[in-house]
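Q: Please take a close look at the metal site in this model, and then at the charged side-chain pairs. Explain step by step where the residues sit and how exposed they are.

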Amino acid sequence: MTKSAPSSAQAKPSLFKSLEIDTRLLGMIGAFVAICLVFNVITDGRFLTPRNLFNLTIQTVSVAIMATGMVFVIVTRHIDLSVGALLATCSAVMGVMQVQLLPQFLGLGNPLIAPLAVLAGLLAGAVIGAFNGWLIGYQRIPAFIVTLGGLLVWRNVGWYLTDGQTLGPLDKNFLLLGGVEGTIGATASWIAGVLFSVVAIWAIWRARRAKIAHAFPVKPLWAEGALMAISVVAILGFVAIMNSYQVPLGRLKREFAARGEVLPDGYTEVYGLPISVLILIIIAIAMTILARRTRLGRYIFATGGNPDAAELSGINTRLLTVKIFALMGVLCALSAMVAQARLANHTNDIGTLDELRVIAAAVIGGTALAGGIGTIYGAILGALIMQSLQSGMAMVGVDAPFQNIVVGAVLVLAVWIDIQYRKRTGEKV
Amino acid sequence: MTQTVENRGTPLVEMRDMSISFGGIKAVDHVTVDLYPGEVVGLLGHNGAGKSTLIKMLSGAYAPDTGVIRINGEKAEIHNPRDARRYNIETIYQTLALADNLDAASNLFLGRELVTPMGFVDDDAMEAETRKIMHRLNPNFQKFSAPVSALSGGQRQSVAIARAVYFNARILIMDEPTAALGPHETQMVADLIQQLKAEGLGIFLIDHDVHQVMKLCDRASVMKNGKLVGTVDVADVTDDDLLAMIILGKNPITGEVMAG
Ligand SMILES: Nc1ncnc2c1ncn2[C@@H]1O[C@H](COP(=O)(O)OP(=O)(O)OP(=O)(O)O)[C@@H](O)[C@H]1O
Ligand SMILES: [Mg+2]
């Protein structure tokens with residue numbers, strides 16, 4: 001994690017230099033925009049509709065949540081091949097809790113069911129993750145082996161928990177965490193958008209004040225202002241898109257009928273921000289703060305950069321490994337929660353091949369397998385790029401086998417581009 | 001083995017009968033060295049003699065097979081680098097022990113970060129402190145925001161030195177601190193050693209340059225094949241005597257030649 005270079009180096013700084021925007025971030029955003037535009041042309045404008053963008057975001061959430069944790073795993077030179085299987089086990093725990101166990105004691109529809117089920121899943125994820133971390137950190141078994149074994153073990157532990165059955169219907173409150181069923185509507189979305197904008201402006205401003213307080217060089221004021229403007233436009237633009245996806249008429253009619261009312265003529269309603277996306281945003285912010293502003297994050301990156309140096313600096317790298325994998329486990333559980341709620345039931349094959357998607361997202365997002373380098377926003381963008389490719393190809397009607405060929409090729413291509421980029425900037429490859 | 005120094009009370013550090021082996025190789029074989037406040041003790045020996053391994057037992061990186069470490073006469077429990085830091089032992093490792101992907105300030109404060117009242121790492125405060133100390137040690141140093149992988153060997157060494165002297169060490173271990181430095185920077189480190197010595201620190205200095213050792217050290221302990229050849233007062237011996245100790249294992253006081 002390096003602080004961005006001071007802009008005083010050159011007499012006439014370029015536009016990007018003044019803004020101090022990470023060029024890699026720009027590259028990824030560029031790639032995403034290009035993918036969207038290409039598919040939009042091929043699909044005659046069906047790709048860039050509020051409906052499709054809405055679906056794209058809620059489909060990305062599950063992999064993106066896990067990808068943020070995978071960044072820490074890969075940064076410390078480990079790998080986790082068991083995230084998809086762990087997701088299945090956590091999902092099974094949550095499914096069994098809300099469909100079989102809790103209703104017996106609390107009665108069907110009790111408001112405590114969803115939080116208790118989630119809690120049980122989180123606990124399972126944390127314990128299993130910590131156990132993986134203990135095997136890797138204290139018993140010195142390579143992460144590749146521990147999690148390769150875990151991939152077989154946990155998917156099938158999940159199978160036994162449910163006797164291989166699909167679990168459903170899920171608790172009604174739990175379903176809100178998934179996507180289409182749980183959105184916060186137009187007004188709340190605008191409020192959330194304004195709140196996030198204020199936070200973004202405040203963060204940029206505060207960083208500037210801190211630099212001035214230490215008499216460090218700062219960006220020109222216009223650049224700072226431009227950054228704030230870009231952030232606000234991006235946030236509010238996203239809200240605007242989510243707020244322009246209208247709830248279909250049929251669904252509104254059903255909802256009104258369920259309440260014993262009649263749908264008034266000309267009545268419309270929009271979805272707004274999905275709760276699952278809000279969860280992802282909060283996780284992204286929390287993980288970014290963890291990475292950059294806490295000791296734990298500093299130790300994660302130091303250990304990735306040079307494990308011996310970290311050890312000699314008094315960092316307990318074994319315990320650190322346990323913490324990283326426990327965190328990964330918790331994120332798998334959160335991911336399971338979102339995925340299960342979106343699919344509206346627990347199935348045995350939930351999260352199958354997610355380990356590959358999650359690792360690919362982190363790597364496309366610029367996480368270096370050699371360790372020490374990676375960003376949270378990169379991993380999320382990586383997940384979004386992968387999902388948009390997959391959704392776009394499905395929309396165009398590309399065969400499933402060919403979809404996989406493209407995604408695989410893109411993964412390799414992305415890493416190759418990243419290596420070229422690092423060569424040119426003189427970074428460690 | 002001759003103890004040539006007159007009794008000066010309790011040593012700051014006493015490493016008695018230290019041994020460690022790595023899979024059959026006796027890297028350090030029953031070695032005893034000590035260090036007094038305000039003293040610089042040179043550790044000499046050929047490559048692979050066991051110098052770095054010896055001091056790594058003091059810095060908490062290795063657990064000894066045998067031996068006792070006393071600090072100010074009291075038995076010290078040093079099981080890891082954190083313990084060593086608690087005894088105000090700071091080390092400049094031969095490998096520098098820097099995290100290449102982090103900047104100078106993050107490395108300097110690694111494991112001892114400055115935090116804000118909220119408990120978050122305070123990068124700006126750490127950079128400000130780093131600028132101050134680097135200004136004192138190496139005024140030409142400017143790359144505060146680059147990862148240390150982007151620094152030259154000498155600049156990296158400066159960062160490692162800064163880290164060792166920033167935290168008010170009482171015992172300083174320097175494992176070939178000037179190996180990558182230019183003549184000017186080497187002279188600055190020599191001046192720094194004199195200054196720290198005057199402040200009452202005890203310093204173990206590992207250096208292959210016999211001339212430098214003669215100039216900077218009060219005593220020199222020479223190792224060969226993991227064993228201690230002897231410890232001499234630098235004032236009592238010549239460059240050639242030290243070289244004979246290193247190469248032949250010949251103790252200039254007793255005339256004894258070490259076997260092996
Ligand atoms: N971690 C280790 N594992 C195995 N053997 C080791 C380890 N560390 C040191 N050794 C061995 O111990 C012996 C002493 O090594 P040491 O690094 O202490 O030598 P040195 O005196 O510092 O040499 P140099 O002048 O080259 O730095 C060598 O034979 C080395 O191969
Ligand atoms: Mg050495």
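**The magnesium site and the salt bridges**

A: In this predicted model, the magnesium ion (ligand 2) has two protein donors, B:Ser52 through OG and B:Gln94 through OE1, and they lie 1.9 to 2.1 Å from the ion. B:Ser52 belongs to helix H1 (residues 51-58) of chain B, while B:Gln94 is in the loop between strand S6 (89-92) and helix H3 (104-108) of that chain, so the pair ties together parts that are 42 residues apart in sequence. B:Gln94 has a relative accessible area of 41%. Because partly exposed covers the range between under 20% and over 50%, B:Gln94 counts as partly exposed.

Next come the salt bridges. Over all chains, the structure holds 21 of them.

Take chain B, starting with helix H2 (residues 81-86). Here B:Asp83 forms a salt bridge with B:Arg86, and the closest N and O atoms are 3.0 Å apart. The two residues are 3 residues apart in the helix, so they are separated by about one helical turn. The partners sit in unlike surroundings: B:Asp83 is buried, with a relative accessible area of 10%, whereas B:Arg86 is exposed, at 61%.

Helix H4 (residues 123-137) of chain B holds another pair, B:Lys132 and B:Glu129, again 3 residues apart, about one turn of the helix. Their salt bridge has its closest N and O atoms 2.9 Å apart. B:Lys132 is exposed, with a relative accessible area of 55%. B:Glu129 has a relative accessibility of 22% and counts as partly exposed. That value falls in the partly exposed class because buried means under 20%.

In chain A, the side chains of A:Arg357 and A:Asp354 meet in a salt bridge, with 2.7 Å from N to O. Both residues lie in helix H15 (residues 354-364) of chain A, 3 residues apart, about one turn of the helix. A:Asp354 is buried, at 7% relative accessibility, and A:Arg357 is partly exposed, at 29%.

Salt bridges can also join more than two residues, as chain A shows: A:Glu181, A:Arg251 and A:Glu255 are linked in a network of them.

How values were computed:
Residues are numbered from 1 along each chain as its sequence is written. Chains are lettered from A and ligands numbered from 1 in the order in which they are written. This is a predicted model: local features need pLDDT of at least 70, side-chain atom pairs count only at pLDDT 80 or more; totals for chains, interfaces and linings use all residues. Side-chain values use heavy atoms; hydrogens and water are left out. Donors are N, O and S atoms within 2.8 Å of the metal (3.2 Å for Na, K and Ca); water is not among the atoms, so sites may look incomplete. Helices (H or I, at least four residues) and strands (E, at least two) are DSSP runs, numbered from the N terminus. Buried means under 20% relative accessible area, exposed over 50%, partly exposed in between (1.4 Å probe, protein chains only). A salt bridge is a side-chain nitrogen of Lys or Arg within 4 Å of a carboxyl oxygen of Asp or Glu.
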